[in-house]
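Thanks, everyone. I'll take two residues today, then step back to the whole chain. Here is the structure.

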Amino acid sequence: PPASQNNEQGSTLRDLLTTTAGKLRLGSTDAGIAFAPVYSTGAASGKSGRTMPNILDDIIASVVENKIPPNRAPKINVKSEIKDEPKDNKKCIQDDCSKRYSDIQYSWICDKHVLWLRDHKNSNNWKLFKECWKQGRPVLVSGMHKKMNFSLWKAESISLDFGNQQADILNCKDSIISNTNVKEFWDGFEDVSKRQKIKNGETALLKLKDWPSGEDFKTMMPARYEDLLKSLPLPEYCSPEGKLNLASHLPGFFVRPDLGPRLCSAYGECVAATKDHDIGTTNLHIEVSDVVNILVYVGIAKGNGVLSKSGVLKKLEEEDLDDLLRKRLKDSSELPGALWHIYAGKDADKIREFLQKIAKEQGLEVLPEHDPIRDQSWYVNKKLRQRLFEEYGVKTCTVIQFLGDAIILPAGALHQV
């Protein structure tokens with residue numbers, strides 16, 4: 001947006017710093033913002049006594065010392081910032097990229113809302129990714145499993161190495177979490193006869209929730225951790241040491257979100273068999289940071305009560321899919337493993353209002369402090385997704401994740417799986 005529209009709230013760090021600078025008073029905390037004074041201004045401290053406690057304060061200080069008047073918005077040379085960018089970046093991405101990035105294998109899916117990078121080995125992928133990332137769009141990178149040691153990620157391999165561990169296991173059908181031996185989960189991963197039963201005799205739909213996560217992952221599974229890191233897509237952005245990975249440059253005094261990695265595993269084919277696809281293994285929610293999710297293993301369950309592979313494919317074909325995704329479903333070399341529904345962050349308020357409306361229709365209590373997205377209390381089924389589009393104009397982006405696919409989501413994007 002032009003600088004004139006950004007006087008009070010910055011959409012970038014530069015905007016935030018420059019618009020904030022004029023409001024700061026050295027040694028004062030009445031600016032009404034969450035920054036402490038930049039310098040101590042005791043009478044005896046003087047210029048030489050100043051301390052700069054951190055990098056961010058240093059930046060703010062340099063702006064403050066330029067003496068931007070508090071009653072005048074700082075001037076930002078917008079033209080100089082964007083002189084190398086096309087006027088219509090969106091149009092450039094969709095129309096002109098074939099000329100600018102002819103050496104990259106890619107396609108647009110989901111009505112051109114998702115970039116699909118088809119060759120994970122191309123070292124120039126990050127250049128096109130950058131153009132797409134500016135628009136806050138999801139990106140799909142396929143073939144990551146070809147770089148990985150597949151034997152490390154098999155269900156029986158993980159069960160053999162870590163079956164004696166305890167972890168939180170969620171039954172997605174009734175949202176009950178229990179602390180259970182991990183071996184029980186993995187034994188039933190591809191053998192339905194070994195799965196737990198719930199009260200009415202139904203087979204439990206289990207999810208091993210974020211186990212292991214973060215530092216635990218690295219400590220417990222060092223070989224798998226290294227295998228994952230060397231296989232990350234777009235390492236310039238996704239690697240912990242990536243030059244364009246903002247989190248890797250944050251000073252230590254920031255409270256960082258859990259940047260993982262974390263292992264998410266779930267039974268899935270029972271979901272496809274449920275009426276109206278009412279159950280998901282991950283309900284609608286928002287992540288606070290950008291996320292890359294790689295499908296490292298797909299198991300084919302056998303036994304009574306589960307759909308065959310062809311049955312699962314038939315159910316997936318009932319989804320509102322892009323033609324290229326339908327083509328991948330028909331490819332015998334591809335193995336589908338997860339169904340995603342993704343929404344842009346800008347639609348969060350509409351979706352929140354819609355879910356509260358549906359809750360009231362269903363006679364559920366809607367408390368003032370209740371946030372259906374934050375609480376992760378909804379899996380939006382096909383009928384509700386249609387209503388969401390008809391009543392609020394919010395369209396669902398449906399993506400099938402195949403073995404080896406990495407789905408990269410910008411912070412703030414809503415999704416369910």
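Start with a side-chain pair in this predicted model. Ser-142 and Trp-116 are joined through their side chains by a polar contact of 3.1 Å.

Where does Ser-142 lie? In the loop between β3, residues 139–141, and α6.

Is Ser-142 buried or exposed? Its relative accessibility is 9%, and the cut-off for buried is under 20%, so Ser-142 counts as buried.

Now its surroundings. Set aside the neighbours within four places in sequence. Ser-142 is then in contact with Trp-116, Leu-117, Arg-118 and His-120. Arg-328, Gly-404 and Asp-405 are also in contact with Ser-142. So Trp-116 comes up twice: in the contact list of Ser-142, and as its polar partner at 3.1 Å, which is within the 3.5 Å cut-off.

Second residue: Glu-156. That one sits in helix α6, which covers residues 155–162. Its relative accessible area is 48%; partly exposed runs between 20% and 50%, so Glu-156 is partly exposed.

Which residues is Glu-156 in contact with, leaving aside neighbours within four places in sequence? Glu-190 and Tyr-297. There is also a C-alpha distance to note. Glu-156 and Asp-187 are 31 residues apart along the chain, and their C-alpha atoms are separated by 7.8 Å.

Now the whole chain. It has 417 residues, and 45% of them count as buried. There are 16 helices and 13 strands. Take the contacts between residues at least 6 apart in sequence: 70% of them join residues at least 24 apart. The accessible surface comes to about 23000 Å², and carbon and sulfur atoms account for 51% of that.

That's my part. Over to you.

Technical notes: Residues numbered from 1 in each chain as written. Predicted model: local features only at pLDDT ≥ 70, side-chain atom pairs only at ≥ 80, totals over all residues. Heavy atoms only, no water. Helix = DSSP H or I, 4+ residues; strand = E, 2+ residues; numbered from the N terminus. Buried < 20%, exposed > 50% of the residue type's maximum accessible area, 1.4 Å probe, protein only. Contact = heavy atoms within 4.5 Å. Areas by Shrake-Rupley, 256 points an atom, 1.4 Å probe, with all protein chains shown as cover. Polar contact = N/O pair within 3.5 Å; in protein donor to acceptor, adjacent residues only side chain to side chain.
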